[in-house]
Amino acid sequence: MADQLLFNPRTYDPAHFDAETRRLLRATVDWFEERGKRQLIEDYRTRAWLGDFLGFAAKENLFATFLTPSAAAGEGEGEADKRWDTARIAALNEILGFYGLDYWYAWQVTILGLGPVWQSDNAAARERAAQLLAQGEVFAFGLSEKTHGADIYSTDMLLEPDGDGGFRATGSKYYIGNGNAAGLVSVFGRRTNVDGPDGYVFFAADSRHPAYHLVKNVVDSSKFVSEFRLEDYPVRAEDVLHTGRAAFDAALNTVNVGKFNLCTASIGICEHAMYEAVTHAHNRVLYGRPVTAFPHVRRELTDAYVRLVGMKLFSDRAVDYFRSAGPEDRRYLLFNPMTKMKVTTEGEKVIDLMWDVIAAKGFEKDNYFAQAAVEIRGLPKLEGTVHVNLALILKFMRSHLLDPTSYPDVPTRLDAADDSFLFRQGPARGLGSVRFHDWRPAFEAYAHLPNVARLREQADALCEFVTTAAPDEAQSRDLDLLLAVGQLFALVVHAQLVLEQSRLTGLDEDVLDELFAVLVRDFSSHAVELHGKDSATPQQQEWALAAVRRPVVAPERTDRVWQRVEALSGAYEMAQ
């Protein structure tokens with residue numbers, strides 16, 4: 001029987017979505033399957049531009065249907081299916097990641113480029129964006145620069161007033177996906193005649209304009225990650241999307257929307273690689289025994305499998321909080337950097353575990369795995385590094401662990417609704433006021449599982465740490481120590497949403513307890529790391545060692561989970 005927890009193109013039927021969403025998702029899978037593995041790998045190796053895929057997407061109206069908010073849709077045929085629906089966006093992320101990160105990337109930077117537009121009060125710009133989407137165009141997000149990275153405060157894209165209500169823009173942007181082909185590039189800059197935050201401007205540019213100069217692709221990849229330069233580019237009044245503080249907020253709020261997509265892309269990569277790895281290992285004989293007969297191989301593949309299941313559970317549940325967010329419920333601001341940081345680094349672990357098993361096979365040019373092993377590294381490093389997102393997560397630690405409040409239960413959100421709040425998030429500040437529901441009931445619902453109970457002990461210990469041994473004022477400036485604390489907190493949040501989703505979906509308890517055995521080991525490992533930090537106080541060192549736990553071992557449970565992993569052998573292989 002096919003594993004129902006992993007995406008499998010052979011059996012994929014997104015019946016939980018409406019008819020047009022199902023058609024588009026299935027059509028996307030079929031397009032890749034018909035293209036075949038050999039051509040996909042050849043396109044990857046030769047750095048071919050994604051024209052064929054973008055042609056398919058334009059023909060099917062894929063991007064327009066999934067990325068046009070209902071308020072920007074028209075009234076003709078197919079317009080009623082347009083909405084910004086995080087659940088189906090996540091489903092497409094997973095599919096595109098499964099077949100190749102280059103395809104996902106063109107879609108992802110289109111999402112980022114649209115962010116400032118859909119947040120804008122400029123009706124003409126929004127109408128133009130909707131028309132461009134309907135024409136099959138892609139978009140780009142012109143924020144980062146070669147010298148400053150994504151440091152918004154230091155932009156050197158300068159806009160000089162032209163005396164007619166517009167500007168002339170001059171400056172460079174660097175690491176801008178789709179910058180070679182975007183029908184609209186949302187560009188961040190600052191006015192030359194206004195100092196401080198009031199001088200910020202977001203404006204719409206066209207990559208085909210004579211004053212837009214494409215310099216190069218800065219990566220050796222089909223992903224066209226461009227450097228471009230504007231030279232006296234005319235910015236009309238109708239091209240201005242945001243000014244002042246609103247431009248700053250639009251940049252950060254766009255990243256809030258876009259960074260969420262990294263988690264499901266990582267999941268798709270890992271799923272495809274897992275089919276290849278398990279199939280290879282299970283059918284290879286060494287020293288007269290199948291590779292999967294060796295205990296260390298079974299452990300590594302089982303750990304990889306349950307980590308991947310955990311990635312999916314957390315990400316699926318985070319979708320619900322995104323879709324249910326509003327001015328009085330901003331819990332998504334924690335779960336968002338969690339998906340970006342925690343899920344993507346879990347993806348790296350999953351690939352590493354499988355690579356240890358398949359060894360040299362993971363380098364072969366005719367496999368997807370060699371591509372996956374490279375691409376999985378990029379996701380933790382996009383839309384802010386792991387360290388940046390861990391530091392953001394830490395801002396919520398005390399409130400989440402120690403000061404819960406009541407919220408209505410958030411249901412599974414697969415309804416065909418428009419997630420309009422994502423484009424009216426408001427000022428990108430006030431994180432200290434964000435409150436959370438109590439994390440403990442999620443653990444209590446599975447208190448009968450020994451490793452859930454064991455991790456609950458460690459979570460309670462972390463609460464004690466925050467209360468009695470939290471970093472002092474001097475340590476609060478030691479980011480190295482703080483990041484170790486952040487890893488411990490991230491594990492508790494990760495576990496909480498995994499448990500919530502497990503209850504909503506009826507996850508097999510063997511799989512859940514096996515996953516929590518892994519999480520207990522992870523918590524212990526991070527506690528030991530904290531113990532060894534240069535600035536850790538004696539009290540913190542003592543706490544760290546006291547928080548170490550051994551997971552509860554159950555060979556029968558592990559064997560049952562292994563049987564699920566073993567069944568992946570031959571379950572899917574992409575046609576040549």
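R413 and D415 form a salt bridge, with 2.8 Å between the closest N and O atoms; a salt bridge here is a side-chain nitrogen of Lys or Arg within 4 Å of a carboxyl oxygen of Asp or Glu. The structure is a predicted model, in which local features need pLDDT of at least 70 and side-chain atom pairs count only at pLDDT 80 or more, while totals for chains, interfaces and linings use all residues. Residues are numbered from 1 along each chain as its sequence is written, and side-chain values use heavy atoms, with hydrogens and water left out.

The two partners of this opening pair sit in unlike surroundings. R413 has a relative accessible area of 15% and is therefore buried, whereas D415, at 35%, is partly exposed. On this scale, buried means under 20% relative accessible area, exposed means over 50%, and partly exposed lies in between (1.4 Å probe, protein chains only). R413 and D415 also belong to a network of salt bridges, which links them with D18, R83, D85, R323 and D419.

In total, the structure holds 54 salt bridges. Another of them joins the side chains of D522 and R307, at 2.8 Å from N to O. This pair links distant parts of the chain, as D522 belongs to helix 18 (residues 509-531) and R307 to helix 10 (residues 295-323), 215 residues apart. Helices (H or I, at least four residues) and strands (E, at least two) are DSSP runs, numbered from the N terminus. Both D522 and R307 are buried.

A further salt bridge is found between D352 and R377, whose side chains meet at 2.5 Å, N to O. D352 lies in helix 11 (residues 332-358) and R377 in helix 12 (residues 368-378), so this pair ties together parts that are 25 residues apart in sequence. D352 is partly exposed, with a relative accessibility of 33%, and R377 is partly exposed too, at 23%.

The cysteines tell a simpler story. How many disulfides does the structure hold? The count is zero, a disulfide being a pair of cysteine sulfur atoms within 2.5 Å. For C263, the closest cysteine sulfur is that of C270, and because the two are 12 Å apart, they are too far from each other for a bond. C270 is likewise in no disulfide, with the sulfur of C263 as its nearest at 12 Å. C263 is buried at 0% relative accessibility, and C270 is buried with a relative accessible area of 0%.

Attention now turns to empty space. Rolling a probe the size of a water molecule over the atoms shows where such space is left. On a 1 Å grid over the protein atoms alone, a cavity is a set of points where a 1.4 Å probe fits but cannot get out, and a pocket is an open set with protein on both sides within 12 Å along at least five of seven lines; lining residues have an atom within 4 Å of a point. Grid points are joined across faces, edges and corners, and a volume is the space filled by probe spheres set on the points.

The structure holds five cavities of 30 Å³ or more, and the largest contains about 70 Å³ of space. Its lining includes W84, N93, F260 and L422. Helix 5 (residues 86-99) gives the most to this lining, with four residues. Eight of the lining residues are nonpolar, three are polar and none is charged, where Ala, Val, Leu, Ile, Met, Phe, Trp, Tyr, Cys and Pro count as nonpolar, Asp, Glu, Lys and Arg as charged, and the others, Gly among them, as polar. The second largest cavity has about 50 Å³, and D43, Y99, D102 and Q371 are among its lining residues. Helix 2 supplies the largest share of that lining, three residues.

Among the pockets, the largest holds about 1,100 Å³ of space. It is lined by 45 residues, and A150, L252, V255, E383 and G384 lie nearest its centre. Helix 8 brings the largest share of this lining, seven residues, and by class the lining divides into 26 nonpolar, ten polar and nine charged residues. The second largest pocket holds about 880 Å³. Of the 32 residues that line the second largest pocket, Q4, H16, E94, K312 and D316 lie nearest its centre. Helix 10, the home of R307, gives the most to this lining, with six residues.
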